[in-house]
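Colleague: Could you pick a single part of this model and take me through it closely? I'd like one connected account of how that part sits among its surroundings, and then a quick look at the rest of the chain.

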Amino acid sequence: MPIIALTAAATVEDRNKALVAGMNDHLMKPIDKLALQVCLSRYLLPQDNQYAITKKLGYPPIVNTHGLVPVKTPIAQKGRLLIVDDQPSNLKVLANGLKGEYLIQAADCGEKALQLAERIPQPDLILLDIVMPEMDGYAVIKALKNNPKTQAIPVVFVTALDGTSNEQKGLELGAVDYIAKPFKMPVVKARVRSQVLLKHKTDLLDRESHIDGLTGIANRRQFDEKLQIEGQRLMRNHQPLGVIMVDIDFFKPFNDNYGHGKGDECLVKVAQALQRVFRRPADLVARYGGEEFVAILPETNRRGVQMMAEKMRQAVWDLNFAHGYSAVDSRVTVSLGGISREVDTLEEVKELLKYADQALYQAKAQGRNQVVIYGI
């Protein structure tokens with residue numbers, strides 16, 4: 001749980017002492033309204049159990065005794081830092097002080113920093129100097145926040161520019177924290193650790209908001225976002241976009257007779273079977289709702305959509321999951337409807353779902369456990 005010092009002890013030493021003791025931030029009295037709003041906005045994330053999230057991310061508890069005990073994390077869970085400073089001595093001091101806990105990248109100018117920030121895997125946190133030639137820190141953070149690929153990366157200013165006005169300007173531009181030089185490494189470690197943990201927590205919550213809680217595959221929200229992104233991309237490239245709608249045949253009698261527990265097991269098995277069919281990173285299969293699933297296949301023509309839909313049907317058939325109350329077969333089966341076409345507007349992208357659903361309805365009307373492609 002984040003802890004903020006709220007105190008009349010306002011010297012730099014008081015602030016550093018609070019941070020070294022383990023507090024996440026420091027506000028001095030009398031309280032400035034803007035400073036309070038900015039500070040609180042850093043920590044008012046969706047409520048969750050901090051210890052549970054920390055444990056899930058692979059971090060051991062943070063212990064404070066006579067200072068900070070470094071948090072040792074597995075390589076896979078180490079945070080990634082991008083340090084930006086035009087002075088090699090500053091880069092070296094920060095990198096050497098933080099490399100035991102984080103994976104470090106360094107840039108000696110703003111332009112290089114922007115390039116590194118876009119590379120995958122992206123940094124979890126950027127430590128950014130303000131006073132740099134050609135492109136100063138203010139210009140760098142503006143560019144980061146105006147780029148959809150980098151705007152979510154938190155930035156901490158580490159600079160010799162001191163004073164309330166400089167700190168306020170940095171925070172208003174989107175920085176999450178401000179560390180004045182000369183800095184003390186225990187203070188830097190404390191604040192970096194806090195921001196990296198918050199970033200990992202935010203990323204975890206974002207990932208979980210895009211995953212179906214039962215089946216573990218993408219949910220409708222992720223599908224809708226992916227459909228719009230791929231639709232816009234393929235509009236520019238004049239390439240076809242494929243969509244497949246899937247429905248489990250006679251799922252209601254399955255649920256009614258076997259119970260909802262067995263029904264959930266069936267949904268999980270079908271979802272896993274459908275997902276195993278896809279190999280391309282650009283393809284996506286998602287749970288659309290209830291017993292319905294949907295897939296996106298960018299740059300795939302009708303023949304390709306038909307081939308993938310048939311593989312999906314066969315994958316579920318091969319499960320041989322018993323269904324004694326189906327009018328199709330004694331095992332669980334699916335019906336599928338697909339479409340592929342070039343799109344010129346977002347309205348046409350949305351219509352792909354309508355046409356795929358019409359093809360799915362036709363597959364059901366023709367006896368189920370089959371594939372129908374719209375327009376064929």
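Modeller: Before anything else, a word I'll lean on: two residues are in contact when they have heavy atoms within 4.5 Å of each other. Bear in mind too that this is a predicted model.

Let's start from valine 140, which sits in helix H6. Its relative accessible area is 1%, and the cut-off for buried is under 20%, so valine 140 counts as buried. What does valine 140 touch, leaving aside its neighbours within four places in sequence? The answer is Gly110, Leu114, Leu128, Met132 and Met135. Take leucine 114 from that set: 26 residues separate it from valine 140 along the sequence, yet the C-alpha to C-alpha distance is 7.2 Å.

That leads us straight to helix H5, residues 110-118, where the buried residues are Gly110, Ala113, Leu114, Leu116 and Ala117. Looking down the axis of H5, you find these buried residues within an arc of 165 degrees, so they line one face of the helix. As for what covers them, the list includes strands S3, S4 (102-107) and S5, along with helix H6 (137-146). Two of the buried H5 residues, Gly110 and Leu114, turn up again among the contacts of valine 140.

Now follow the chain on from H5. The loop between H5 and S5 holds proline 121, and a cis peptide bond joins this proline to isoleucine 120, with omega at about -5 degrees.

Leu128 is worth another look, as it is in contact with valine 140 and also helps line the second largest cavity. How much space does that cavity hold? About 30 Å³, and the model has two cavities of 30 Å³ or more. Lining the second largest one are Ile83, Val84, Asp85, Leu94, Leu127, Leu128, Asp129 and Val158. Strand S3 (79-84) and strand S5 (125-128) are the elements that give two or more residues to this lining, and S3 and S5 are also among the cover over the buried residues of H5. By type, the lining has six nonpolar residues, two charged and no polar ones.

Stepping back to the rest of the chain, there is a second cis bond to point out. It joins lysine 181 and proline 182, again with omega at about -5 degrees, and proline 182 is in the loop between strand S7 (177-180) and helix H8 (185-208).

Two loop residues other than glycine have a positive phi. For phenylalanine 250, phi is about 50 degrees; this residue lies between strand S8 (241-248) and helix H10 (251-258) and counts as partly exposed, at 24% relative accessibility. For arginine 368, phi is near 70 degrees. Arginine 368 is in the loop between helix H13 (346-365) and strand S12 (371-373), and it too counts as partly exposed, at 24% relative accessibility.

As a backdrop to all this, the chain has 13 helices and 12 strands, and 46% of its 376 residues count as buried. Among contacts between residues at least 6 apart in sequence, 63% join residues at least 24 apart. The exposed area is about 19200 Å², with 53% of it supplied by carbon and sulfur atoms.

Terms used. Residues are numbered from 1 along each chain as its sequence is written. This is a predicted model: local features need pLDDT of at least 70, side-chain atom pairs count only at pLDDT 80 or more; totals for chains, interfaces and linings use all residues. Side-chain values use heavy atoms; hydrogens and water are left out. On a 1 Å grid over the protein atoms alone, a cavity is a set of points where a 1.4 Å probe fits but cannot get out, and a pocket is an open set with protein on both sides within 12 Å along at least five of seven lines; lining residues have an atom within 4 Å of a point. Grid points are joined across faces, edges and corners, and a volume is the space filled by probe spheres set on the points. Helices (H or I, at least four residues) and strands (E, at least two) are DSSP runs, numbered from the N terminus. Ala, Val, Leu, Ile, Met, Phe, Trp, Tyr, Cys and Pro count as nonpolar, Asp, Glu, Lys and Arg as charged, and the others, Gly among them, as polar. Buried means under 20% relative accessible area, exposed over 50%, partly exposed in between (1.4 Å probe, protein chains only). Accessible areas come from the Shrake-Rupley method with a 1.4 Å probe; for residues, only the protein chains shown count as cover. The arc is that of the directions from the helix axis to the C-beta atoms.
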